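Colleague: I'm still new to reading structures, so could you walk me through one part of this one slowly? Pick the spot I point to below and build outwards from there.

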Amino acid sequence: MDLLPGGLGQDPISLIIGLPGLVVTAVLVPLWLVELVLRLLCAPVAAALRLAGVIPYRLELYRDGRPRGTYAPTGRRELLRLRRRLTARDTAAA
């Protein structure tokens, strides 16, 4: 434990080195917390709108690491129908 520094600002050099990190942390942590709270509040609304079919899902099809298509089904039923159709088409081609 003797190798760990005793504290920030015990000498002028450690204060000069640590002060930019403290300022950046003091600015970014509240912004991150605000973003987290907004995401937590908006997530149930976005989920309900997706289930109702107001906001489309985004389905990207990749084969062998290459993008093969992008689909935007609206509503959960259409998403499941599209996934079943694409899976059936892919297994029939293989």
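Colleague: Could you take a close look at Leu59: which residue in strand 2 is its bridge partner?

Modeller: Sure. In this predicted model, Leu59 has Tyr71 as its bridge partner in strand 2. Let's put that pair in its setting. Strand 1 covers residues 59-63 and strand 2 covers residues 66-71, and the two pair in the antiparallel sense. Five bridges hold that pairing on your screen. Another spot to look at is Tyr62, which stands opposite Pro67 in strand 2. Now follow the chain from strand 1 into strand 2: there are two residues between them, and the strands form a hairpin. Click on Asp64 in that turn and you'll find a positive phi of about 60 degrees.

While you're on strand 1, here's a handy rule: in a regular strand, side chains alternate between the two faces of the sheet.

Next, Glu60. Its side chain makes a salt bridge with Arg58, and the closest N and O atoms are 2.7 Å apart. How open are these two to the outside? Glu60 counts as partly exposed, at 35% relative accessibility, while Arg58 counts as exposed, at 63%. As a general idea, side chains of opposite charge can pair when their charged atoms come close.

A search of the whole structure finds two salt bridges, so let's visit helix 1 as well, where Arg39 and Glu35 are about one helical turn apart because they sit four residues from each other. The side chains of Arg39 and Glu35 meet in a salt bridge, at 3.1 Å from N to O. Arg39 is exposed, with a relative accessible area of 57%, and Glu35 is partly exposed, with 38%.

Last stop, past the hairpin: the arginines. Arg76, Arg77, Arg81, Arg83 and Arg84 gather on the surface in a patch of positive charge. One of them, Arg81, lies in helix 2, which spans residues 76-93.

How values were computed. Residues numbered from 1 in each chain as written. Predicted model: local features only at pLDDT ≥ 70, side-chain atom pairs only at ≥ 80, totals over all residues. Heavy atoms only, no water. Pairing = 2+ DSSP bridges. Patch = residues over 30% accessible without salt bridge, like charges linked within 9 Å, V, L, I, M, F, W, Y side chains within 5 Å. Areas by Shrake-Rupley, 256 points an atom, 1.4 Å probe, with all protein chains shown as cover. Salt bridge = Lys/Arg side-chain N within 4 Å of Asp/Glu carboxyl O. Lys, Arg positive; Asp, Glu negative; His and termini not counted. Charge placed at Lys NZ, Arg CZ, Asp CG, Glu CD. Buried < 20%, exposed > 50% of the residue type's maximum accessible area, 1.4 Å probe, protein only.
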